[in-house]
Amino acid sequence: EVQLVESGGGLVQPGNSLRLSCTASGFALSGVPMSWLRQLPGKGLQWIGFSSSDGQTTTVTTALKGRFTISRDNAKNTVYLQMSHLSPEDTAVYSCAVGSAIATMTRRGQGTQVTVSS
C-alpha cells in the first residue's frame, strides 16, 4: 500500500524548534520530489516548500525561509521539515505530499498537528 505518514508534531513553546518526519511506504521517495504543506486554522492549504528527488535542490517559500528547512534521507525513505523560532502563528496541521507544488501533488499524507503555545 502506498502511504505517507507524518510524525513529530505536538505542543511546543514559542521560540522553540521542532522536526517533523514524513516516511513513505509502498514506493521509493528517491524517484520523486516531495513537498511540505500546512493547513492553518480556518485557512486554506499553504505550500511550505519542496525537495527535489535527489535532495540537491530545496526551496522554501519566502515568508518561511530562514526558519524552515527541508531535507531528506532517501535511504530511510523519509523527508524532514526542521522548524525553528516557532510562534503561535505556526500552529497548523503539517503534511507532506508527492510533487513540487500544490497544483502538481499526487498524494498527501494525513498530517500531524503542531500547536505552538505557552
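What share of the 118 residues of the protein counts as buried? In this predicted model, the figure is 40% of the 118 residues, and the paragraphs below move from the overall outline to the strands, the core and a few single residues.

The protein contains 0 helices and 11 strands, so that, as the definition of these elements has it, they read β-β-β-β-β-β-β-β-β-β-β from the N terminus on. Taken along the principal axes, the box filled by the C-alpha atoms is roughly 40 × 25 × 25 Å. The radius of gyration is 13 Å, and this agrees with the value near 13 Å that a compact globule would have with 118 residues. As for how the chain meets itself, 55% of the contacts between residues at least 6 apart in sequence join residues at least 24 apart.

A good place to enter the fold is strand S7, which spans residues 68–73 and has side chains that alternate along its length. Phe68, Ile70 and Arg72 point to one face and are buried, whereas Thr69, Ser71 and Asp73 point to the other face and are not buried. Strand S8, made of residues 78–83, pairs with S7 in the antiparallel sense over 6 bridges, and within this pairing arginine 72 stands opposite valine 79 of S8. The two strands form a hairpin with 4 residues between them, and in the turn asparagine 77 has a positive phi of about 55°.

S8 also pairs with another strand, since the definition of pairing asks for at least two bridges and 6 bridges join S8 to S3, with the two strands running antiparallel. Here the bridge partner of serine 21 is tyrosine 80 in S8. Tyrosine 80 has a further neighbour in arginine 19, which lies over the face of the tyrosine ring at 4.2 Å from the ring centre. Aromatic pairs, by contrast, number 0 in the structure. S8 is mostly covered, with 5 of its 6 residues buried.

What lies inside? The largest nonpolar core has 26 residues, and those with the most contacts inside it are Met34, Trp36, Phe68, Leu81, Met83 and Tyr94. At least two residues of this core come from each of the strands S3 (18–25), S4 (34–39), S7, S8, S9 (92–98) and S11 (112–116). Leucine 81 shows how residues from separate parts of the sequence meet: setting aside residues up to four places away in sequence, leucine 81 touches Leu18, Arg19, Leu20, Trp36, Ile48, Phe68, Thr69, Ile70 and Tyr94.

Two loop residues complete the picture. Is serine 52, in the loop between strand S5 (45–51) and strand S6 (58–60), buried or exposed? Serine 52 counts as buried because its relative accessibility is 13%, and the cut-off for buried is under 20%. Leaving out residues up to four places away in sequence, serine 52 touches Val32, Pro33, Thr57 and Arg72, and Arg72 is one of the buried residues of S7.

Lysine 43, found in the loop between S4 and S5, has a relative accessibility of 56% and therefore counts as exposed, the cut-off for exposed being over 50%. Lysine 43 and alanine 92 are 49 residues apart in sequence, while their C-alpha atoms are 9.6 Å apart in space.

Conventions: Residues are numbered from 1 along each chain as its sequence is written. This is a predicted model: local features need pLDDT of at least 70, side-chain atom pairs count only at pLDDT 80 or more; totals for chains, interfaces and linings use all residues. Side-chain values use heavy atoms; hydrogens and water are left out. Buried means under 20% relative accessible area, exposed over 50%, partly exposed in between (1.4 Å probe, protein chains only). Rings of Phe, Tyr and Trp (its six-membered ring) pair if their centres lie within 6.5 Å; planes under 30 degrees apart count as stacked, over 60 as edge-to-face and the rest as tilted. A charge sits over a ring if NZ of Lys or CZ of Arg is within 6 Å of the ring centre and within 35 degrees of the ring normal. A nonpolar core is a set of buried Ala, Val, Leu, Ile, Met, Phe, Trp, Tyr and Cys residues joined through side-chain atoms within 4.5 Å. Contact means heavy atoms within 4.5 Å. The radius of gyration is taken over C-alpha atoms; the globule rule is 2.2 Å times the number of residues to the power 0.38.
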